[in-house]
Structure formats: structure tokens, C-alpha cells
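User: I'm new to this one. Please show it to me, and then let's go through it piece by piece.

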Amino acid sequence: MKFTAYERTLQGTGASRRLRGAGKVPGIVYGAGQPALIELDHNALFFALKKEAFHSSILEMELGGNVQKVLLRDFQLHAWKQQVLHIDFQRVDESTKLRKKVPLHFAGEDTSPAVKTDKCLVNHVQTELEIECFAAQLPEFVTIDLSGLVKGQSLHASDLKLPEGIKAVKHGTLNPVIVTATVPKVEEEVAPTTVVAAPAAKTAKGKKDEKQNKK
């Protein structure tokens, strides 16, 4: 994806506030040289952030007539307004080794034995995965094949077959669950309870009538 940024000379809270009032977003580009202050058109950036590829792939940023390859690193949104407050990018080249969370796309679960035969429920516990690779190998997303999933099976991060040159980032001994296949719970039918009505008590008037008849 390609986008356009503009050089920003002023910085500080007041300058950033004026930029936002003018429909711009302040930002910074760092890595591989001196950091550069930039500004972007808010509306164009707001809609770009809705695209999955903008978050997980190498981007081409045009700045001052030059095109640089960058990676989105962070952005801040307003607490309740649909407004981007600030954005950070990192310069990269093909030899840059990086860590990045990428989306997981799942395929084949409808034809897996777990779903097709055993009517299991497939739960996507994780929808993204942190990976390590060179910038040139960074995928927009990683597809996980679930066609072999069976009843009761849980796929962990270590079970995933990732493309060559890409590996999942391990945090100590953690091996998070990515997908589970569980049998849906069947609710037991409760037999209806028959309620026997108690005999109606005699009214005070009825008792009075009985006494009069006895007399």
C-alpha cells in the first residue's frame, strides 16, 4: 500500500492541536537514520487504518518526493471521537529483521472431521500471531489450514505450519492455544412436573349454612 506524508516543522502540544483542527494528523518516522516529523491527511489515514494490510504489511510512504518503505508501529485514537491523534512509522529495508503481529486467516474448518463428522464447534482463541522474519518476507496475513482438525483437538502456536523463513515468537515457555474443536453441550430435557391442586377450603358462609341446616 502507498500513502503520502508531508514534512512537519512545528512540534509541541499547541502545534499538534492546530494540525488536528486543520484536518491533519501529526506523526513521526524513525529507524535507519534521523527521526522525521510528518503530518498526514486525517480522512485518508482514518480509512487506511480500517484496512488489514495497512497494519501488517510493508507500506510505501511518499515524503518530499522520495518513497520510503515503512511499517506502522503505533497510533492513538481519541477516547470517543472518530479521530486519529498521532501515528508512528518505522523505516525498514529488505534486510531488516523484525517482529510483528499479523492476522490469522482460517481455512478448511468446514471440511474437517471435527465439523463435518462430529459437528464440533471451532473456537478461534487467537486471531493474530506475533512472528519474526525479514521485512521482505513479512506476510499480510498467515493462513492456517484446519482441514485436518478432529474432535477434542487443540492447536497451539507450536503446531502451526508457517511459511519458510517465518517463525512464531516465543515468550518463555508459553505456548498459547490458537484453535479448539469442542463438542457442543446438549441440554437435557426436563420432564414437566404435574402440580396437583389442593382442595378448596370451605368459605365462612358455607360453614354458616351447614350449621343452620343442622338446626
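User: Let's start small: which residue in β13 stands opposite Leu-121?

Analyst: This is a predicted model, where local features need pLDDT of at least 70, side-chain atom pairs count only at pLDDT 80 or more, and totals for chains, interfaces and linings use all residues. Residues are numbered from 1 along each chain as its sequence is written, and side-chain values use heavy atoms, leaving out hydrogens and water. Strand β13 covers residues 177-182 and runs antiparallel to β8, with four bridges joining them. Opposite Leu-121 you'll find Thr-182.

User: Which strands sit at the edges of that open sheet?

Analyst: Strands here are DSSP runs of E with at least two residues, and helices are runs of H or I with at least four, numbered from the N terminus. Two strands pair if DSSP finds at least two bridges between them. The open sheet has three strands in the order β8-β13-β11, with antiparallel pairing. Those that pair on one side only are β8 (121-124) and β11 (154-156).

User: What does the twist of that sheet average from one strand to the next?

Analyst: Axes are lines fitted to C-alpha atoms (for helices, over the stretch in contact), and angles run from 0 to 180 degrees between N-to-C directions. Going from one strand to the next in the β8-β13-β11 sheet, the twist averages 10°.

User: In what order do the six strands close into a barrel?

Analyst: The pairing in the barrel is mixed. For instance, β1 (residues 2-7) pairs with β4 in the parallel sense over four bridges, while β1 and β3 are antiparallel over two bridges. Neighbouring strands are turned by 45° against each other on average, direction ignored, in the barrel whose order is β1-β3-β2-β6-β5-β4.

User: Zooming in on β4, which residue there is the bridge partner of Lys-2?

Analyst: Strand β4 takes in residues 59-63 and also pairs with β5 (residues 66-77), antiparallel over five bridges. In that second pairing, Leu-63 is matched with Asn-66. As for Lys-2, its bridge partner in β4 is Glu-60.

User: And at what angle to β2 does helix α1 run?

Analyst: Helix α1 spans residues 13-21 and lies across three strands, β2 (24-30), β3 (36-41) and β6 (84-91). Contact here means heavy atoms within 4.5 Å. Relative to β2, the helix runs at about 125°.

User: Which residue forms a salt bridge with Arg-99?

Analyst: Side chains of opposite charge can pair when their charged atoms come close. With a salt bridge taken as a side-chain nitrogen of Lys or Arg within 4 Å of a carboxyl oxygen of Asp or Glu, the count comes to two. In one of them the closest N and O atoms are 3.1 Å apart, joining Arg-99 to Glu-132. The pair links distant parts of the chain, 33 residues apart: Arg-99 is in β7 (residues 97-107), and in β9 sits Glu-132.

User: Which strand gives the most to the lining of the largest pocket?

Analyst: On a 1 Å grid over the protein atoms alone, a pocket is an open set of points where a 1.4 Å probe fits, with protein on both sides within 12 Å along at least five of seven lines, and lining residues have an atom within 4 Å of a point. This one is lined by 17 residues, with Leu-129, Ala-157, Val-169, His-171 and Pro-176 nearest its centre. Three lining residues come from the top contributor, strand β9 (residues 128-134).

User: What is the volume of the largest pocket?

Analyst: Grid points are joined across faces, edges and corners, and the volume is the space filled by probe spheres set on the points. The second largest pocket holds about 220 Å³, with strand β10 (residues 142-145) giving the most to its lining. For the largest pocket the volume is about 370 Å³.
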